[in-house]
Amino acid sequence: MSGLDLAGARVVVVGLGTSGRAVLDVLGTSGARLLGLDGRESAIEAARAGGEVPASVELRAAEDLAEAAFAAGPDLLVVSPGVPATSPLLRRAAAEGVATWSEVELAWRLQETPVPWLTLTGTNGKTTTVGMLSSILTAAGLRAPAVGNVGTPVVRVVAEGAADVLAVELSSFQLHLTHTVEPEASACLNVAPDHLDWHGSFDAYAADKAKVYARTHRACVYTVADPRTRAMVEEAEVVEGARAVGVRLGAPGVGELGLVEDVLCDRAFLPTRHTHAAMLGELSDLAHLAPGDVPAHVVTDALVAAALARAHGVAPEDVREGLRAYAPGAHRIEVVAERDGVTWIDDSKATNAHAAAASLGAQEPGRVVWIAGGLAKGARFDELVRTVRDRLAAVVLIGVDREPLRTALGRHAAEVPLVEVSAQDTGEVMSHAVAEAARLARKGDTVLLAPACASMDQFPGYGARGEAFARAVRELGER
């Protein structure tokens with residue numbers, strides 16, 4: 001299985017979440033001397049209880065991860081996405097020249113005969129797009145799991161060796177420590193301020209996103225609506241012969257995919273692209289993905305997925321079949337109830353301002369009761385509120401970190417009714433928020449959970465937040 005010899009090497013795995021446990025499992029027979037570290041004793045207990053980590057592997061809880069890691073004399077550090085770029089651990093590793101990889105980098109190096117990787121990043125839309133891509137590739141008869149940031153560690157799929165091609169979602173965290181991956185095709189959907197606390201600045205965040213294009217062999221896909229992505233392609237060090245392929249929500253030029261009326265078209269991956277376009281599907285093929293008209297960002301996601309699949313050689317008819325077959329994940333513009341003329345939508349996956357703007361923008365003007373807030377991650381929300389002000393009927397704020405949203409609403413939407421749910425009401429926060437939203441909503445309104453913030457201040461993850469919302473809506477109907 002392994003194209004990488006780690007026999008006798010001291011490998012320290014920092015962070016024992018899903019990816020860290022998978023690394024220790026896969027390297028358990030490599031001959032490496034393994035140590036797993038985490039700052040939480042509960043993570044050590046969970047790793048042992050889960051049975052994924054070999055019993056012979058040493059696991060240790062450490063308050064100072066940098067000190068514990070370097071005391072072990074590491075030859076290689078494999079570091080969790082949860083460890084910030086600005087952390088003492090990564091600063092010291094850089095200063096001392098210790099090899100430091102992501103789980104994704106390890107997976108790439110473990111391959112003896114690499115299968116093609118189609119890699120994707122972006123501030124928003126990654127999971128939807130990589131799911132569409134996997135669905136398209138599967139429709140073409142390929143074993144093509146969606147892996148990476150979507151939930152399944154790449155290293156585990158590589159170790160199993162049961163894929164023809166990989167649809168790889170990459171976060172900026174993962175890209176930060178990914179150094180040698182050579183994608184067949186790659187894409188960045190968009191770039192907007194996010195995770196600034198982790199990266200230290202927007203420039204550092206964008207630079208890590210841009211790494212998705214490095215060493216690409218065939219096609220670098222960018223979105224015309226976000227010129228930063230085109231600039232990333234122009235500046236990327238790629239394999240000679242790799243092409244730039246644009247995606248736009250309008251008639252495509254040569255070398256682009258786009259939309260002509262309601263038809264998704266390809267003028268990039270066919271020999272007659274200077275005079276003809278290939279039909280990849282219609283908007284009706286995406287109608288099952290969102291209530292009402294298909295939002296622009298969903299169409300963009302579909303076109304990017306199609307471009308990556310076409311770069312791999314997938315036929316147009318398989319693109320259409322894959323888009324029709326794609327089933328979106330939970331908590332992404334999901335209608336959870338329609339009651340007394342009010343529609344309740346869970347978009348808990350909208351964890352930043354860019355995603356929330358897309359979600360709110362797809363709704364009717366003046367008819368949204370917006371449930372927002374959580375962990376702001378250093379973001380400000382003035383541009384978001386200015387952009388969506390016309391959509392708002394009322395706002396319910398949740399979360400510990402409500403000040404940035406409260407301030408932006410006060411500046412740009414002071415006339416919109418605002419209710420805050422106390423951060424101390426953690427156990428019942430969503431029940432309180434839903435009750436307030438029900439009081440504020442009128443017939444014809446939509447109550448939209450699109451928090452624009454991360455969930456970890458009050459919930460284990462965005463999924464738990466969405467489930468709490470859906471549960472509170474159901475309980476509201478039972479009263």
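Select N149 first, together with the residues that it touches: leaving aside its neighbours within four places in sequence, N149 is in contact with K126, E169, L170, S171 and Q174, where contact means heavy atoms within 4.5 Å. N149 belongs to the loop between β7 and α7 (154-160); helices (H or I, at least four residues) and strands (E, at least two) are DSSP runs numbered from the N terminus. At 36% relative accessibility, N149 counts as partly exposed, a class that lies between buried, under 20% relative accessible area, and exposed, over 50%, with a 1.4 Å probe and protein chains only. If you add T121 to the selection, its C-alpha atom and that of N149 are separated by 9.4 Å, although the two residues are 28 residues apart along the chain.

Before going further, note that this is a predicted model, in which local features need pLDDT of at least 70 and side-chain atom pairs count only at pLDDT 80 or more, while totals for chains, interfaces and linings use all residues. Residues are numbered from 1 along each chain as its sequence is written, and side-chain values use heavy atoms, with hydrogens and water left out.

**The sheet of nine strands**

Now colour the open sheet of nine strands, which has mixed pairing and the order β7-β8-β6-β9-β10-β11-β12-β13-β14; two strands pair if DSSP finds at least two bridges between them. Its edge strands, each pairing on one side only, are β7 (146-148) and β14 (278-282). From one strand to the next the twist averages 25°, with axes taken as lines fitted to C-alpha atoms, for helices over the stretch in contact, and angles running from 0 to 180 degrees between N-to-C directions.

Within this sheet, select β6 (residues 117-121) and β8 (residues 166-169), which run parallel and are joined by four bridges. W117 stands opposite L166 in β8. Then show helix α11 (residues 227-235), which packs on the sheet and touches β9 (185-188), β10 (219-223) and β11 (243-247), its direction making about 160° with that of β10. Helix α13 (residues 316-325) lies across β13 (263-266) and β14, and runs at about 10° to β14.

**Two residues with positive phi**

Most residues other than glycine have a negative phi, and most peptide bonds are trans. Select E261, in the loop between β12 (256-260) and β13: E261 has a positive phi of about 55° although it is not a glycine. E261 is exposed, with a relative accessible area of 75%.

Move next to R215, in the loop between α10 (202-210) and β10. R215 is not a glycine either, yet its phi is positive, at about 65°. At 25% relative accessibility, R215 counts as partly exposed.

**The cavities**

R215 also leads to an enclosed space, since it is one of the residues that line the second largest cavity, together with T119, L170, L175, T178, V181, P183, K211, V212 and A214. A cavity is here a set of points, on a 1 Å grid over the protein atoms alone, where a 1.4 Å probe fits but cannot get out, and lining residues have an atom within 4 Å of a point. The second largest cavity has a volume of about 60 Å³, a volume being the space filled by probe spheres set on the grid points, which are joined across faces, edges and corners. Its lining has six nonpolar, two polar and two charged residues, where Ala, Val, Leu, Ile, Met, Phe, Trp, Tyr, Cys and Pro count as nonpolar, Asp, Glu, Lys and Arg as charged, and the others, Gly among them, as polar.

A search of the whole structure finds three cavities of 30 Å³ or more. To see the largest cavity, which holds about 100 Å³ of space, select V79, S80, P81, S102 and E103, the residues nearest its centre among the 18 that line it. The elements that give two or more residues to this lining are β1 (10-14), α1 (18-26), β4 (76-79), α5 (103-110) and α8 (172-176). The largest share, three residues, comes from α1. By class, the lining of the largest cavity divides into eleven nonpolar, six polar and one charged residue.

**The sheet of six strands**

Finish with the open sheet of six strands, in the order β15-β16-β20-β17-β18-β19 and with mixed pairing. β15 (334-339) and β19 (418-420) are the edge strands, each pairing on one side only. The twist here averages 15° from one strand to the next. Select β17 (residues 368-372) and β20 (residues 446-449), which pair in the parallel sense over four bridges; the bridge partner of V369 in β20 is V447. Last, show helix α17 (residues 429-440), which lies across β16 (342-346), β17, β18 (392-397), β19 and β20, and runs at about 160° to β18.

Terms used
1 Å grid on protein atoms, 1.4 Å probe; cavity = no way out; pocket = protein on both sides within 12 Å on 5 of 7 lines; lining within 4 Å.
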